[in-house]
Amino acid sequence: MTNAALVLEDGRVFRGEAYGALGASLGEVVFSTGMTGYQETLTDPSYHRQIVVQTAPQIGNTGWNDEDDESGRIWVAGYVVRDPSRVPSNWRSRRGLDEELARQGVVGVAGIDTRMLTRHLRERGAMRAGVFSGDELGADAEMVERVRTAPGMKGADLAGDVTTPEPYVVEAVGERRFTVAALDLGIKSNTPRMMAARGIEVHVLPLTSTIDDITALNPDGVFLSNGPGDPATQEHAVGLTRAVLERRTPLFGICFGNQILGRALGRETYKMRYGHRGINIPVIDVTTGKVAITSQNHGFALEGEPGQEFGSDFGRVQLSHFCPNDGTVEGVRALDVPAFSVQYHPEAAAGPHDAAPLFDEFVTMMSEGR
């Protein structure tokens, strides 16, 4: 057994044993409450530069397969679990989770009291942290100092790290009914798949794309994806969104895309205390009162009150959804131009399907725009 430690910037040290690769890794420590879907979590680009704590006590039971990745690699900065499975058991499993973490160089720690750690993060908030093992394990004061000199998440411009370097196309399943330009801020693999299943040909574009790149496709709609970092850094994406709104092209955004649309419409964003990360988070639609159980992964949110209406450069706007747990804004709907977004993940794999019809709403919006 090789010793390892999770070190927080407030000086707390949680000791355990090495899991995955040996070494040191720095990032923001956050917790995810999902009891399943750890492979999708690890490969979600929205977790770039974050050390993820799994609140479910046993992780790794189904091993690692070659079908469920949400991107081409693991993006988390570090991984913290309580009781890793010793022997994976699933007909699709190709190798153990610990083997895959080591193969991709992800430093982890196991055997930590994740319940105590989660309670600590709920009280103190998400913060900078580091996972240390092997030769990198040093004196507590030294490790705490390394953590405190690491960059924080506020002001972090990370979407450029995870966006596709070149455009690519996901073909429609069956007859092509629509063409969508999807701005890749950290898109997950299942998003284009769910649109393709509805007859949408999806052109996934790099973050650096211009409005001319988008209009050259003559798209029926534009999609803003999920992604990592502080939305206040995304001036280019916000400007691009405003250009789309000016052209009245139907627009749909999720997660980070919700914050980008909100900022394009004149709202500010703020860093949450510990964010929403899990697959069982309730959201209420202010228009219908309907509750959806959703998958979420965000540490920033839009300012405002649920149901609030306000004016923008593009007409009236409503803050359309909220989380009843804490009143966080969970959606935006423009009332005078064809644009809407939600803070949660309607494409969630290993998550609830309550929000999947939002893709159908996008299809309806594009149909009406023709």
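Let's start with one residue: Ser-46 is in contact with Asn-226, Gly-227, Pro-228 and Asn-297, leaving aside its neighbours within four places in sequence. What you are looking at is a predicted model. Two of those partners, Gly-227 and Asn-297, appear together with Ser-46 in the "binding site" annotation of an unreviewed UniProt entry. The same kind of record also lists an "active site", and the model holds two cavities of 30 Å³ or more. Here is a tour of these places.

**The annotated binding site**

- According to the unreviewed UniProt entry, the "binding site" covers Ser-46, Gly-227, Gly-229, Phe-256, Gln-259, Asn-297, Gly-299 and Phe-300.
- These residues are spread over 255 residues of sequence, but they cluster in space, with a largest C-alpha distance of 13.3 Å.
- From this set, Asn-297 belongs to the lining of the largest cavity.
- Ser-46 sits in the loop between helix H1 (38–42) and strand E4 (50–54), and with a relative accessible area of 5% it is buried.
- Gly-299 is part of strand E16, which runs over residues 291–302.
- Gly-299 is buried too, because its relative accessible area of 15% falls under the 20% cut-off.
- Setting aside neighbours within four places in sequence, Gly-299 is in contact with Tyr-270, Lys-271, Met-272, Gly-275 and Arg-277.

**The annotated active site**

- For the "active site", the unreviewed UniProt entry names Cys-255, His-345 and Glu-347.
- These three span 93 residues in sequence, yet no two of their C-alpha atoms are more than 11.0 Å apart, so they gather at one spot.
- His-345 is the member of this set found in the lining of the largest cavity.
- Cys-255 lies in the loop that joins strand E14 (251–254) to helix H9 (256–264), and it is buried at a relative accessible area of 1%.
- Beyond its neighbours within four places in sequence, Cys-255 is in contact with Asn-226, Asn-297, His-298, Val-342, Gln-343, Tyr-344 and His-345. That list includes His-345, which the record also places in the "active site", and Asn-297, which the record places in the "binding site".
- Glu-347 has its place in the loop between strand E20 (339–342) and helix H10 (357–368), and its relative accessibility of 0% makes it buried.
- The contacts of Glu-347, leaving aside neighbours within four places in sequence, are Lys-188, Asn-190, Thr-191, Met-194, Ile-254 and Phe-359.

**The largest cavity**

- The largest cavity has a volume of about 190 Å³.
- It is lined by 22 residues, and the closest to its centre are Gly-37, Thr-41, Lys-188, Ile-279 and Ser-295. Lys-188 is also one of the contacts of Glu-347.
- H1, strand E15 (269–285) and E16 each supply at least two residues of this lining.
- By class, the lining of the largest cavity divides into six nonpolar, eleven polar and five charged residues.

**The second largest cavity**

- About 120 Å³ of space lies in the second largest cavity.
- Of its 17 lining residues, Gly-227, Gly-229, His-298, Gly-299 and Phe-300 are the closest to the centre. Among them, Gly-227, Gly-229, Gly-299 and Phe-300 are in the annotated "binding site".
- H9 and E16 each supply at least two residues of this lining, and E16 gives the most, with four residues.
- The lining of the second largest cavity has six nonpolar, nine polar and two charged residues.

Key: Residues numbered from 1 in each chain as written. Predicted model: local features only at pLDDT ≥ 70, side-chain atom pairs only at ≥ 80, totals over all residues. Heavy atoms only, no water. UniProt positions renumbered as here; feature names shortened; annotations may be inferred. 1 Å grid on protein atoms, 1.4 Å probe; cavity = no way out; pocket = protein on both sides within 12 Å on 5 of 7 lines; lining within 4 Å. Buried < 20%, exposed > 50% of the residue type's maximum accessible area, 1.4 Å probe, protein only. Contact = heavy atoms within 4.5 Å. Points joined across faces, edges and corners; volume = space filled by probe spheres on them. Nonpolar A, V, L, I, M, F, W, Y, C, P; charged D, E, K, R; others polar.
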